[in-house]
Amino acid sequence: MTVYLCEPDFDGILCAVYDAWMSREGHENVRIELSGGFRELELFTRYVQVPSSPDKARKVIRSICQRAGSQVYEEVYIASLSQDEARPDKIYRFLIQALRYGAPVLDMLQLPEVCEIFRMCRNVRHENHLLTGFVRFSQTAEGILVSRIGPKNDVLAILAPHFADRLPKESWIILDEKRMKAAVHPSGGTWAIVHADGEGYLSAQLDRTTDQEEYEALWKAFHETVAIRERYNPKCQRNHLALHYRPYMTEFQK
C-alpha cells in the first residue's frame, strides 16, 4: 500500500490524485490522506509527500471537465471545502467512478463513492446558506465593514460572492478565524482571498472600535424587545440557529 500525503487545499488534493493515478499501482493499492497531524504508521506501507503543482492540478481539472463535465468538477471543488478529514481519498474514489461513467455519475447515488461526495457537498452548501443570513458586519471609522466567522467547513470562497453581489459598493472584510484567511472586497472592485497575519493590516482593521457599538446595543435591545417570553423555547431555537454560530452574532454577545 502507498499512501500519498497532500496539502488540505484544492490544488494539493488534485496533485495527490494525479500522482496516485499515474503511479499505475492499482486503485486498491493506493490511498490519499492529508499531510500533517498525528497518524499511526502502518506496516508494509509507503508514505509519499506530494508537493503542490499548478500544472498537475490543471491536468486533473482538464480531464474532469472533458470526460465528466463541469458539474462534476464543481462537485469535486465543493467537496474539497468539506471538514471531512478523509475528503482527499473520498474525492479520489469518486473520480474513479466519474471518469468511468461520465456526467451521469452524479445520479448514481447507489454507488458509495457518489453518496459520500453528495453528503459532503450538502453539508458545505448548507453551512454556506446559513452563513449568508448569520454573518454580522461592524463598521470602522474609515467606513470598512468587517465581520468574523468560524465555520466548520472552508466556505469562505463560496460565501464571498454572495456579499459581493449584495454589497458591491461597500468595502468589506470577512475573516475566517479558524483558518486565518479573509475575503477582502474593495468598493466597486472584485473580492479576493488573502491570508490574515496576526499583527497585520487586516487584524488592525478588525480590532478597531467605533461608534458601531451604539448600534450593536440598539440591535440587542430590539432583539430582547421583540422576544415573546411566554414562547421561549431554547430547544426549538437551537434547531434553527445552532450554538456554533452565536459567538459571531451581535444579538448574542454578552
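Here are some questions and answers about this predicted model.

Me: What is the strand order in the open sheet of three strands?
Reply: The pairing in this sheet is parallel, and S1 with S3 accounts for four bridges, Leu 5 standing opposite Gln 49 there. S2 (30-34) and S3 (46-49) are the edge strands, each pairing on one side only. The order is therefore S2-S1-S3.

Me: By how many degrees are neighbouring strands of that sheet turned against each other on average?
Reply: Take the sheet S2-S1-S3, with its parallel pairing. Ignoring direction, the average turn between neighbouring strands is 25 degrees.

Me: Which strands does H4 touch when it packs on this sheet?
Reply: H1 lies across S1 and S2, and runs at about 155 degrees to S1. H4 packs on the sheet too, with its direction at about 140 degrees to that of S2. The strands H4 touches are S1 and S2.

Me: Are H1 and H2 roughly parallel or roughly perpendicular?
Reply: The axes of H1 (residues 10-22) and H2 (residues 54-67) are 8 Å apart, and the packing angle is about 75 degrees. Angles from 65 to 115 degrees count as roughly perpendicular. So H1 and H2 are roughly perpendicular.

Me: How many nonpolar residues are in the contact of H1 with H2?
Reply: On the H1 side the contact includes Phe 10, Leu 14 and Tyr 18, and on the H2 side Ala 57, Val 60 and Ile 61 are among the residues. Charged residues take part as well, four of them, while no polar ones do. The nonpolar count is eight.

Me: Which helix gives the largest share of the largest nonpolar core?
Reply: This core has 50 residues, and Ile 32, Val 72, Val 76, Phe 94 and Trp 172 touch the most other members. Ile 32 has contacts that include Ala 16, Val 17 and Ala 20. The largest share, seven residues, comes from H1.

Me: How many residues make up the second, separate core?
Reply: Ile 144, Leu 175, Ala 182 and Ala 196 are included in it. Leu 175 and Ala 182 are also bridge partners, with Ala 182 in S7. The second core has six residues.

Me: Which strands stand at the edges of the sheet of five strands?
Reply: The order in this open sheet is S4-S5-S6-S7-S8, with mixed pairing. An edge strand here has a single partner strand, so one side of it is left without a neighbour in the sheet. The edge strands are S4 (138-139) and S8.

Me: Which residue in the turn between S6 and S7 has a positive phi?
Reply: S6 (residues 172-176) and S7 pair in the antiparallel sense over five bridges, and Ile 173 stands opposite Val 184. Four residues lie between the two strands of this hairpin. The one with a positive phi, about 50 degrees, is Met 180.

Me: Which residue takes a positive phi in the hairpin of S7 and S8?
Reply: S7 and S8 (residues 192-195) pair in the antiparallel sense over four bridges, with Lys 181 opposite His 195. Six residues separate the strands, and a phi near 75 degrees belongs to Gly 188.

Me: Is Asp 84 buried or exposed?
Reply: Asp 84 sits in the loop between H3 (70-80) and H4 (87-101), and it touches Lys 90, Arg 119 and Met 120. The relative accessibility is 17%, and the cut-off is under 20%, so Asp 84 counts as buried.

Key:
Residues are numbered from 1 along each chain as its sequence is written. This is a predicted model: local features need pLDDT of at least 70, side-chain atom pairs count only at pLDDT 80 or more; totals for chains, interfaces and linings use all residues. Side-chain values use heavy atoms; hydrogens and water are left out. Axes are lines fitted to C-alpha atoms, for helices over the stretch in contact, and angles run from 0 to 180 degrees between N-to-C directions. Angles under 35 degrees count as roughly parallel, over 145 as roughly antiparallel, 65 to 115 as roughly perpendicular and the rest as oblique. Contact means heavy atoms within 4.5 Å. Ala, Val, Leu, Ile, Met, Phe, Trp, Tyr, Cys and Pro count as nonpolar, Asp, Glu, Lys and Arg as charged, and the others, Gly among them, as polar. A nonpolar core is a set of buried Ala, Val, Leu, Ile, Met, Phe, Trp, Tyr and Cys residues joined through side-chain atoms within 4.5 Å. Buried means under 20% relative accessible area, exposed over 50%, partly exposed in between (1.4 Å probe, protein chains only). Two strands pair if DSSP finds at least two bridges between them. Lists of a residue's contacts leave out its neighbours within four places in sequence.
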